[in-house]
Amino acid sequence: MGRLPPFAVEDWMEEHETKAKYNLAETCCDSISADHLQTLCEDKSAKVIDLSKRLNYGSIRGSDVLRTNLSRLYSSRAATPLPPENILTTPGAIAANHLVFYSLVGPGDHVVCHYPTYQALYEVPASLGGEVDLWKAKFENDWTPDIEELKGLIKSNTKLIVLNNPNNPTSAVLKRSLMEQIVELAKEHSITIMCDEVYRPIFHSISPMDKEFPLSILSLGYQKTIATGSMSKAYSLAGIRVGWIAARDPEIIQKCVATRHYTTISVSQLDEQVAAFALDPNTVHSLLRRNIDLAKANIEILEKFIIKHDEMCEWVRPVAGTTALVRFKRDDKPIDAVQFCKILLEKTGVLFAPGKCFGDEYEGFVRIGFVPSTVVLKEGLQKVQAFLRKEFDDLPLAA
Ligand SMILES: Cc1ncc(COP(=O)(O)O)c(C=O)c1O
């Protein structure tokens, strides 16, 4: 058990984000203001925030209206509805994930985590004394991890399988058939599955009618499942810091409540009001339409860029999410992506995130966030194109 190591991608963003003119390292769908949110609501008399409400702690586990709206999201494609009582709000998904790990993992517990992924998903369980193994998805296999490898990682003390679907940084999805196999395996060994679903439901290139359309982990008929989510990515509202834990098993929620009393008491009432407004049936459809349309339009722009530069870079085109992990190489050797990102930012104002933020094996890759406004993406990629034309041959290769 030990202290947490540096959080590489968050360090990178903190150091560089404010210097970028074109932030293509961002993972959120183009953020919106409260005024903009108001315009997306069909009920023009509805207010985003009721300023007359007293600002006490409110409902400790999350406001009834917000949890009801959330339960609707998880009930629409599930055989059994998810009651609002099975949801707990948190300050962002980052706190939701932490709370689940703190409540469920301790010394002697084995955890398997889908990889590459957001660093917190494996470092936090390790810092709590958990023994963590990584279930690796490989570029060569379209970022689809192998179920046989997962079977080989399971031990008698495996307590938790951690998934991230759609994934950050690859945006690859775990298809429905693979999810079903994971659930079968977990059931057999009575292992809990936690799936970080912050990029749901940004599915820009796969239809909900597709038989492999990835369902929420809560819709697969297994009791020991937990989904975490937030308003930050798919709903463009990172600034309100509202996330949640949703679980099929009320006992899991109860354990998280017991921990949360020590860290959160309740989530900001103003933030929860904004989240409830955004997830209200009068607003949520137009908000998601905006963001899925934006992702659809923007991925085409990014795809054109990649095809045009295919002697320099390659990718697995994602069907979901907001980011892509793109490999840059010269004479078949990976470029030094950290230097590439630094020089690119200095000379053009475009920010990418180096793949190394997700592990040394992702040297040569950069993560490109493709769902800012279309103008920012287009202009940013034009700057990258001009830069590559002049500077690509001089970029350092990876050691
Ligand atoms: C997979 C994943 N989970 C959780 C988070 C944290 O998001 P937030 O706390 O803003 O909800 C992020 C942020 O990048 C993420 O990519």
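1. A residue is counted as near the ligand if one of its heavy atoms lies within 4 Å of it. By this criterion, 15 residues surround the ligand, and the closest are Asp-196, Tyr-199, Ser-230, Ser-232 and Lys-233.

2. The model is predicted: local features need pLDDT of at least 70, side-chain atom pairs count only at pLDDT 80 or more, and totals for chains, interfaces and linings use all residues. Residues are numbered from 1 along each chain as its sequence is written, and side-chain values use heavy atoms, with hydrogens and water left out.

3. The shell around the ligand comprises 5 nonpolar, 7 polar and 3 charged residues; here Ala, Val, Leu, Ile, Met, Phe, Trp, Tyr, Cys and Pro count as nonpolar, Asp, Glu, Lys and Arg as charged, and the others, Gly among them, as polar. Helix H4 (residues 92-104) contributes the most to this shell, with 4 residues; helices are DSSP runs (H or I) of at least four residues and strands (E) of at least two, numbered from the N terminus.

4. Oxygen atoms of the ligand lie 2.8 Å from a backbone N or O atom of Ala-93, 3.0 Å from a polar backbone atom of Ile-94 and 2.7 Å from a side-chain N or O atom of Lys-233. The protein covers 94% of the 400 Å² of accessible area that the ligand has on its own (Shrake-Rupley method, 1.4 Å probe).

5. Ser-230 is placed in strand E7 (residues 225-230). Ser-230 counts as buried because its relative accessibility is 3%, the cut-off being under 20% (1.4 Å probe, protein chains only). The side chain of Ser-230 also reaches the backbone nitrogen of Ser-232 at 3.0 Å.

Technical notes: Polar contact = N/O pair within 3.5 Å; in protein donor to acceptor, adjacent residues only side chain to side chain. Buried < 20%, exposed > 50% of the residue type's maximum accessible area, 1.4 Å probe, protein only.
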